[in-house]
Amino acid sequence: MTEELVIMRDRQAVTTSLQVAENFEKNHQHVMESIRKLTVENSTVKNMFVKGFYINKRRQEQPMYYMNRDGFSLLAMGFTGKKALQFKLKYIDAFNQMEKQLQQQKPLTLPEQISLIAKGYENLSADVEDIKNRMGLPGNMALTFSKKRNAKIINVLGGKKSNAYCDKNIRSKTYRALFSSYRETFDQDRYNDLPMKDFDKGVDFVNNWYPPFELQQEIRRANAQLAIV
């Protein structure tokens with residue numbers, strides 16, 4: 001129940017207006033309106049509430065609020081009744097437990113992190129490998145891959161000044177052919193979704209790729225013509 005009532009966000013114990021509305025059997029819109037009124041009445045209260053979003057059953061993005069202990073206490077002050085009191089006590093306990101856990105989580109210093117890696121922490125290698133297996137290309141690797149791809153297209157078409165490259169139709173067709181082969185080989189719908197662990201394979205694929213025979217013939221015919229003016 002504690003995990004459902006209070007969560008950790010930005011290293012702070014918080015709950016949400018959606019969770020409060022559900023547990024106190026309130027209309028979520030009414031709860032949000034109460035929060036808006038509180039933040040308007042006193043500017044210092046704004047620090048207790050942060051606007052966020054959630055995805056509803058229709059997969060639509062809907063607004064909600066995150067609130068810390070003080071924000072919850074202020075909001076729930078007006079909730080009355082035996083059931084409301086029980087939930088207030090549960091929330092207080094949940095905040096206490098979450099904040100206790102946060103206090104016990106002392107962040108590692110850089111030397112401690114290096115030492116931990118050097119000692120071969122048993123789960124670290126597995127965690128890093130798992131991230132590499134699932135994570136797409138980061139910005140620098142994605143840029144490198146994009147440059148390799150563009151360089152390959154330029155080379156295949158005969159250079160930037162070639163007739164084939166200057167022909168937008170042929171150039172687009174060549175890019176599509178490369179992507180089609182890439183998607184079939186790596187089962188990815190975007191270049192940047194390529195897992196980090198497959199980066200070298202992706203580069204090798206681009207370096208060794210050539211257009212299908214019919215497209216090669218079309219490129220040769222275009223480049224054999226007089227220069228396009």
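A residue is called buried when its relative accessible area is under 20%, exposed when the area is over 50%, and partly exposed in between (1.4 Å probe, protein chains only). Leucine 85 is a handy example: with a relative accessible area of 49%, leucine 85 is partly exposed. The model is predicted, so local features need pLDDT of at least 70 and side-chain atom pairs count only at pLDDT 80 or more, while totals for chains, interfaces and linings use all residues. Residues are numbered from 1 along each chain as its sequence is written, and side-chain values use heavy atoms, with hydrogens and water left out.

To begin with the overall picture, the protein chain has twelve helices and four strands. These elements are DSSP runs numbered from the N terminus, with at least four residues for a helix (H or I) and at least two for a strand (E). The chain holds 229 residues, of which 33% count as buried. Contacts (heavy atoms within 4.5 Å) often span long stretches of sequence: among those between residues at least 6 apart, 60% join residues at least 24 apart. The protein chain exposes about 15,700 Å², and carbon and sulfur atoms supply 50% of that area. Accessible areas come from the Shrake-Rupley method with a 1.4 Å probe, and for residues only the protein chains shown count as cover.

The strands come next. The four of them form an open sheet in the order E1-E2-E4-E3, with antiparallel pairing. Strand E1 (7-9) and E3 stand at the edges with a single partner strand each, so one side of each has no neighbour in the sheet. From one strand to the next, the twist averages 50°. Two strands count as paired if DSSP finds at least two bridges between them. In general, strands of a sheet pair through backbone hydrogen bonds, either parallel or antiparallel.

Following the sheet from the E1 edge, three bridges join E1 to E2 in an antiparallel arrangement. Methionine 8 stands opposite alanine 13 in E2. These two strands form a hairpin with two residues between them, and aspartate 10 in the turn has a positive phi of about 55°. Strand E2 (residues 12-16) is also joined to strand E4 (residues 61-67) by two bridges, and this pair runs antiparallel. Here threonine 15 stands opposite methionine 67 in E4, and threonine 16 has tyrosine 66 of E4 as its bridge partner. Four of the five residues of E2 are buried, so E2 is largely enclosed by the rest of the structure.

At the other edge, seven bridges join strand E3 (residues 49-55) to E4, and these strands run antiparallel. One of the facing pairs is tyrosine 54 with glutamine 62 in E4. E3 and E4 form a hairpin too, with five residues between them; arginine 59 in the turn has a positive phi of about 65°. Helix H4 (residues 69-76) lies across E2, E3 and E4 and runs at about 100° to E4. For such angles, axes are lines fitted to C-alpha atoms, for helices over the stretch in contact, and the angles run from 0 to 180 degrees between N-to-C directions.

Charged side chains offer another view of the model. A salt bridge is a side-chain nitrogen of Lys or Arg within 4 Å of a carboxyl oxygen of Asp or Glu, and a search of the whole structure finds four. In one of them, glutamate 33 and arginine 36 meet at 3.2 Å, N to O. This pair is three residues apart in helix H3 (residues 28-41), which means a separation of about one helical turn. Glutamate 33 is partly exposed at 35%, and arginine 36 is partly exposed at 29%.

Another salt bridge joins glutamate 218 to lysine 173, with the closest N and O atoms 3.1 Å apart. Glutamate 218 lies in helix H12 (residues 213-224) and lysine 173 in helix H10 (residues 168-186), so the pair ties together parts that are 45 residues apart in sequence. Aspartate 193 forms a salt bridge with arginine 190, the closest N and O atoms being 3.0 Å apart.

Finally, back to leucine 85, which is found in helix H5 (residues 82-104). Together, Leu85, Leu89 and Ile92 make a nonpolar surface patch of about 280 Å². Patches are made of residues with over 30% relative accessible area and no salt bridge; like charges are joined within 9 Å, and nonpolar side chains (Val, Leu, Ile, Met, Phe, Trp, Tyr) within 5 Å.
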